[in-house]
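Student: I've got this model open and keep tripping over the vocabulary. Can we go through what the labels are based on?
Tutor: Sure, pull it up and ask away.

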Amino acid sequence: MEEQAFMEAAPGTPLSRVDGRAKVTGQARYAAEHNVPGVVHGVLVTSTIARGRIKSLDTAAAEKAPGVLAVLTYRNSPGVPAYQDAKANNNPRLEGQEHRVFHDDQIHFSNQPVALAIADTLEHAQHAATLVRVQYEATTPETDLLAHRHRGQKPKKAEDYQRGQPNAYQQAPVRVEQEYHTAVQVHNPLEPHAAIAHWVGPRLIVYNKTQAPALAKQDLRRMFQLPENGVQVHSPYVGGAFGGASRIWPQEVAAILGAKLVGRPVKVALRRQQMFNLVGYRPYSAQRVGVGATPDGKLTGITHEAFGQTSRHEEFTERIVDPTKSAYRCPNLNTRYQLVPLDVSTPAWTRGPGESSGSFALESAMDELAYALRLDPLELRRRNFAETDPKDDKPWSSNQLRACYERGAEQFGWGKRPPQPRATRQGEWMVGWGMAMGIYKAERAKAAARAQLFADGRLVVQSATADAGPGTYTIMTQIAAQTSGVPVQNIRFELGDSAFPPAPGQFGSHTAASVGSAVHAVCTALQQQLLDLALRTPDWARHKLKLTDVVAENGVVRQARHPRRQLSYPQILREHNLMGLDLTREVDKGPEQDQYSGKSFCANFVEVRVNEATGVVRVSRVVSALDVGKVLNPKTARSQVYGCVTWGIGMALMEEARMDHRFGRFVNNQLAEYHIPVNADMPEVEVIFIDEPDSHLDPMGAKGMGEIGLIGLTAAIANAVYHATGKRIRELPITPDKVLAARQEVQG
């Protein structure tokens, strides 16, 4: 039974979340829940204009209110040392300086923090914040990307790309050229952003919500000019982030400055309204795509040009045109990406950053081309499958996209799809089927992990990574169990502390490959040491056994030929008078990875129902087939795909942060009017994992999967809407008014 339990916890098996009990019993501590003695509360006061300056700032009444310790503003801020060296915020070349909190009287975006009321209780701080009086000298803001895209600039971190002839699609016998738009989408995680900052002498301790404890530590060290051991960041649990907790934001800096000002730990938690533009969002995009092909469906040229928005003070770039470079075999291709600096806060990476927006445009254009060719959309993609990465002609580290097409189509029943739009009805609902492919980078970065085996056989593994929901605690525990031989119930994986061995942030779908490789390395080394120690115990040494003669599993080392002869890990330690073992290993990607192109792939098949009278769109069925290498835990992996489908439905049909450009302010900045999918919106979802290991990327054979399920899904929904209605909607979200207003298109 013990051996069976050990095998059931190995990578590839559906182990339930090891942190589940802590979460459902309330033992898990999130950013605002840490018990820090002497903590006081800070409440932000934010600007009511989007551009201008503070003309007057009256904090007298707030400072006299009950329980108030101080009101922090730019006038009494202790200051952030790095700000003094920063270039001017209005630098037209976008130098990349984060917003400087409480630095001067300038206003750069609506809801910018202008004061922090600090008091002994939250209620006192909230009351004091209402007493702060601010008058502004306003300037008309520029917040509309479409109105100002003539000011587009080439980002420093993105290059134009070209292979073959530019704009070759224009000479193709069959061609499509269209413009596509995606809306601002806000993360809106369940857990609001919060931070508790505590100065212990010159040392800074921060409890916050971060996907990257090690990166947060380095950013705070840079900002406050502190030594290596001068900062410690704690973030053991993250209640949803999606990229919104990928960097240091104003509320964290405000808490740190407030703690320095009052000499007490300060907690700052954002209100839902403030979550809309203080912690990043998916930026608006406008994209022009041209695709051309021969009459038999062979692509001859693709052009993809995109505009994205950023703040005036900081350059934020996305990989919005990256899927286009590698998705299909096409001899002529050119891409261009420009940023439009506006009077807004800085966007952030949002699940499937860039690729989610870019794939909507590319995969919608491919669907339009299929109709122009009178060719099945799936067959068009089959005919243009890329045997190697077209971007640099490197071989794929692995590519099971064809299997995604075949298995997904079979499960969905794609072969029964009528080719013409508006061919299927069920009562008052028009039924449509659409599909799209997805491609997303699969890579790994340098990471380290520590393994401590104790005298009683317990194993603690540590790494400064994060778990924003994908199941990192669980997957790393499984990897540690398989490679160390310690039973999973005796393993505790710890993360979310910058004092642990450094690890990359949990974004870009590379945690399993990066941190998992470090855990694999350190636990493999641990098992090797235990095997060596076992062979050198007095009773075993006289048999002159070799490593091939022994097996380590389930907390014991056995002799292969005599299984009853075994030593438990605690016995091995006692035989050598050891209290335990303590190892740290750091790993990086191998040189062979430069020889291959690492990508994850998917094929999404979608059924929608559209009410002809009201324009309401319902997603009724989704089949998602994914090539993500070896699936380390099918249970948590499936949940990730469910999350991608939820995101995709929201992005395609509902989510849009609407801005009143007269004031540069979001008008639906709460969940009553910013619509997100709920249980009633969720369709039947079938997930297919190809589950073929990638032998080049990492020792587990895994590829990133946290985001790939979202890539192309919005296009599949839009393509299904066209198949149902004959109306092509090229602007997300696809709301009823757009469906009713759109004209039926005749293609081919």
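Tutor: Let's start with one term: two strands pair if DSSP finds at least two bridges between them. Keep in mind that this is a predicted model.

Student: What makes S18 and S19 a pair, then?
Tutor: Set the count against that cut-off of at least two bridges. Strand S18 (residues 447-454) and S19 are joined over four bridges, in the antiparallel sense, so by the definition they pair. To find the contact on screen, look for glutamine 452, which stands opposite valine 460 in S19.

Student: How many residues lie between S18 and S19 in the hairpin, and which glycine sits in the turn?
Tutor: Four residues lie between them, and the glycine in the turn is glycine 457, with a positive phi of about 95 degrees.

Student: What does S19 do on its other pairing, with S20?
Tutor: S19 and strand S20 (residues 491-494) run parallel and are joined by four bridges. Glutamine 462 stands opposite glutamate 494 in S20. Between the two strands the chain passes through helix H13 (residues 472-484), making a right-handed β-α-β crossover.

Student: Why is that crossover called right-handed?
Tutor: Point the strands away from you: the term means that the path from the first strand over the helix to the second runs clockwise. The route from S19 through H13 to S20 is classed as right-handed, so viewed that way it goes clockwise.

Student: How do you know that both faces of S19 are covered?
Tutor: In a regular strand, side chains alternate between the two faces of the sheet. In S19 (residues 459-462), Leu459 and Val461 are on one side, Val460 and Gln462 are on the other, and all are buried. Buried means under 20% relative accessible area, so each of those four residues falls below that cut-off.

Student: Why is S13 called mostly covered?
Tutor: Strand S13 (residues 285-293) has nine residues, and eight of them are buried. S13 also pairs with strand S8 (residues 174-182), antiparallel over nine bridges, and tyrosine 180 has glutamine 287 of S13 as its bridge partner. With strand S14 (residues 299-311), S13 again pairs in the antiparallel sense over nine bridges; there, valine 289 is matched with histidine 304 in S14. S13 and S14 form a hairpin with five residues between them, and glycine 297 in the turn has a positive phi of about 90 degrees.

Student: What makes the spaces inside count as cavities rather than pockets?
Tutor: A cavity is where a 1.4 Å probe fits but cannot get out, whereas a pocket is open. The search finds two cavities of 30 Å³ or more, so the probe is shut in at both. The largest is about 50 Å³, and its lining includes Ile54, Tyr74, Arg100 and Asp104. By class, that lining has six nonpolar, two polar and two charged residues. The second largest has a volume of about 30 Å³, with Ala183, Met651 and Glu655 among its lining residues.

Student: Last one: how do you know that the overall size fits a compact globule?
Tutor: For 748 residues, a compact globule would have a radius of gyration near 27 Å, and this protein has 28 Å, so the two agree. The C-alpha atoms fill a box of roughly 85 × 75 × 50 Å along the principal axes, and 62% of the residues are buried.

Terms used
Residues numbered from 1 in each chain as written. Predicted model: local features only at pLDDT ≥ 70, side-chain atom pairs only at ≥ 80, totals over all residues. Heavy atoms only, no water. 1 Å grid on protein atoms, 1.4 Å probe; cavity = no way out; pocket = protein on both sides within 12 Å on 5 of 7 lines; lining within 4 Å. Points joined across faces, edges and corners; volume = space filled by probe spheres on them. Nonpolar A, V, L, I, M, F, W, Y, C, P; charged D, E, K, R; others polar. Buried < 20%, exposed > 50% of the residue type's maximum accessible area, 1.4 Å probe, protein only. Rg over C-alpha atoms; globule rule 2.2 N^0.38 Å.
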